Structures are given as C-alpha cells and as structure tokens.
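Me: I would like to go through this model step by step, starting from its covalent cross-link and moving on to its packing. Could you reason through each point before you settle on a value or a name?

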Amino acid sequence: MLAEHGLPSSAAAVQAQFAAASIRPSNKTSSTPRRACRGSDTVPDPQRAQVQVPLGRCVFEGSRLDNLIVVAYSDDLSWIRNQPPRSVVLGGTDWVHSDVFDVEAIAENPPIVTAGDLHQMMQTLIADRFKLKLHRESRETAGYVLGRANRGSNLVPARNKTVTGRDRIKRTAAPNGAITLSARNVSMATLAELLTTFGIGLVIDKTNIEGTYDFSLTYAAEIAVARKDQPSPTVQDSGAPSIFTALREQLSLQLLSQKVSAEHLVIDSVEKPSTN
C-alpha cells in the first residue's frame with residue numbers, strides 16, 4: 001500500500017508533494033530494475049521498454065539514497081546527471097552509499113505532471129522520509145575543458161536558428177554499437193553540457209567559439225572513463241572511436257583533463273526511514 005500524505009496547505013505545496021508514496025528496504029534482485037521518474041514530457045527509451053514506469057510516477061527498485069538524491073536534484077544541478085553518485089553526494093553515513101530501497105510514488109495528476117515536477121516532489125519526499133538536510137558547496141573535481149584541437153574548424157554555422165529543445169540533438173544507435181549525434185543550432189556551451197551527461201565529469205566550454213552550429217558526431221556507444229584521452233581507443237569492436245577521438249577528428253575539438261570547480265551536494269544530517 002502507498003502511504004497517503006496529509007493535505008497540502010497551498011497550491012504550491014500540491015506541486016511539491018506526491019499524492020502517495022512508499023519507501024521500503026529492498027530485497028529485489030532483478031537485473032533490469034525500474035529506476036526512473038516518468039513525466040508527461042519524458043521521451044521513452046525503446047531499449048528500456050520492458051522496465052518503463054507508469055506515467056506520473058517515480059519508481060526506484062534497489063536504489064541507494066545517494067542515487068535518489070542525484071535524481072531529485074539533477075534539474076537544479078544538471079552537471080551531476082550520470083556522474084557516480086558517491087562523487088557528487090558527499091557526507092552522510094556509509095549506508096547512504098550502500099543500503100538499497102524500493103521507492104514508488106505517484107503524483108496527483110499523472111497525465112500532466114512533468115519530469116521536472118516529479119524531481120521536485122522527490123526532493124520533498126526524501127527530505128521528509130529520510131529527515132535529509134543538505135547544502136550545496138563548491139569544490140574542485142576532476143573534469144574537462146572543451147577547447148579547439150587546432151586553428152581550423154569543421155563546424156558549419158546553423159542553417160535554421162529557430163530549431164530549439166529536443167529537436168536540436170537527435171541520437172541514433174547503429175547495431176554495431178556506434179552512436180551518431182545529429183546536431184542543429186547547437187552552441188559550444190550546449191555541447192559541453194551534453195558531454196557532461198556522458199558521465200566523464202563536468203565539461204566546461206573554453207572554445208571561445210560563438211554562435212550555433214550544425215554538425216554530426218559518431219562515437220563508440222560505451223564511454224570507457226578509465227581510457228579517457230588515450231589515442232584512438234575503440235569499444236566493443238564497433239569500429240567507432242571514443243568520444244575523445246571523435247571530437248578531435250570530426251569537429252577539431254578536444255577534451256583536456258583539468259580540475260574544475262563545481263557545486264556538490266553535502267549531507268548535513270540523515271536518518272534511515274521507517275518502513276511504510
């Protein structure tokens with residue numbers, strides 16, 4: 001059963017709370033657990049169709065609290081998406097990074113609630129059930145600077161500057177494991193934000209290239225972080241280069257390893273939730 005929340009005191013509170021939510025210690029052993037919040041604007045992933053969560057819900061099976069925190073705050077602090085949770089959620093006791101929980105929560109109006117709304121509700125939920133208090137703190141972390149590989153450029157100025165939102169970047173996967181990004185009206189700052197989501201760390205744009213561009217980028221599907229900027233590594237015999245090599249050879253850009261300053265989430269206090 002899902003535990004019902006009390007009635008909110010304002011319209012703003014309605015948006016910040018789930019209509020019902022349950023958090024329990026997990027004993028699930030599925031190799032394909034459901035771990036997602038699905039809003040009205042969520043784009044389904046065909047490769048994960050079998051683990052798709054219902055609309056207007058957040059479902060996490062066998063998930064650690066540090067991962068729940070990353071999901072809840074990833075809209076406000078976008079660089080933490082796809083980073084190892086332990087590297088961006090600091091402090092707290094060991095169980096924050098080891099104990100696993102099953103979470104299921106549903107919004108009051110599932111057909112219209114957005115993924116961003118659900119993430120905000122997750123912030124409220126984990127603060128309530130885990131008695132979680134945290135703050136943001138700027139710390140140095142391993143990351144990358146996106147710069148020019150040489151004086152030339154393979155970038156083509158955007159032909160249509162009205163392209164916005166999800167239409168700017170299309171992602172297609174080949175059977176051999178290669179990924180192709182087709183970008184339209186994309187700035188270098190946006191490209192740096194996209195590269196950050198690959199899980200290699202925070203990427204900062206230092207190209208000094210103004211404007212927006214159309215380009216295509218093909219790289220190996222799996223980002224082998226341990227390989228970083230080794231010469232021309234390939235993954236899974238796809239024949240495609242790493243993202244590091246692809247940027248250099250296809251766009252005349254490069255990722256340079258460098259310490260960068262970024263906001264982290266630091267836990268001040270936390271408690272294990274009671275079973276509900």
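**Cross-link, cores and helix packing**

Reply: In this predicted model, Cys37 and Cys58 form a disulfide, with their sulfur atoms 2.0 Å apart. A disulfide is counted when two cysteine sulfur atoms lie within 2.5 Å, and by this rule the count comes to one disulfide.

Me: Which handedness does the disulfide of Cys37 and Cys58 have?

Reply: The handedness is read from the torsion about the S-S bond, which for Cys37 and Cys58 is about 110°. The disulfide is therefore right-handed.

Me: How many residues apart in sequence are the parts that the pair Cys37 and Cys58 ties together?

Reply: Both Cys37 and Cys58 are buried. Cys37 belongs to strand 3 (residues 35–38) and Cys58 to strand 4 (residues 57–64), so the pair ties together parts whose separation in sequence is 21 residues.

Me: Which element gives the largest share of the largest nonpolar core?

Reply: The largest nonpolar core holds 38 residues, of which Phe18, Ile69, Met122 and Phe130 touch the most other members. Elements that give two or more residues to this core include strand 2 (20–25), helix 2 (65–73), helix 4 (115–129) and strand 13 (253–269). The largest share, seven residues, comes from helix 2.

Me: Which residues does Met122 touch, leaving aside those up to four places away in sequence?

Reply: Met122 is one of the residues that touch the most other members of the largest nonpolar core. With residues up to four places away in sequence left out, Met122 touches both cysteines of the disulfide, Cys37 and Cys58, and its other partners are Phe18, Phe60, Leu68 and Ala72.

Me: How many residues are in the second, separate core?

Reply: Apart from the core just described, there is a second, separate one that includes Tyr144, Val203, Leu217 and Ile243. The number of residues in this second core is 27.

Me: Are helix 5 and helix 6 roughly parallel or roughly antiparallel?

Reply: The axes of helix 5 (residues 188–200) and helix 6 (residues 243–251) come within 12 Å and cross at roughly 155°. Because angles over 145 degrees count as roughly antiparallel, helix 5 is, relative to helix 6, roughly antiparallel.

Me: How do the residues of the contact of helix 5 with helix 6 divide into nonpolar, polar and charged?

Reply: From helix 5, Leu191, Leu195, Phe198 and Ile200 meet Ile243, Phe244 and Leu247 of helix 6. The residues of this contact therefore divide, by the class of each side chain, into seven nonpolar, no polar and no charged.

Methods
Residues are numbered from 1 along each chain as its sequence is written. This is a predicted model: local features need pLDDT of at least 70, side-chain atom pairs count only at pLDDT 80 or more; totals for chains, interfaces and linings use all residues. Side-chain values use heavy atoms; hydrogens and water are left out. Helices (H or I, at least four residues) and strands (E, at least two) are DSSP runs, numbered from the N terminus. Buried means under 20% relative accessible area, exposed over 50%, partly exposed in between (1.4 Å probe, protein chains only). A nonpolar core is a set of buried Ala, Val, Leu, Ile, Met, Phe, Trp, Tyr and Cys residues joined through side-chain atoms within 4.5 Å. Contact means heavy atoms within 4.5 Å. Axes are lines fitted to C-alpha atoms, for helices over the stretch in contact, and angles run from 0 to 180 degrees between N-to-C directions. Angles under 35 degrees count as roughly parallel, over 145 as roughly antiparallel, 65 to 115 as roughly perpendicular and the rest as oblique.
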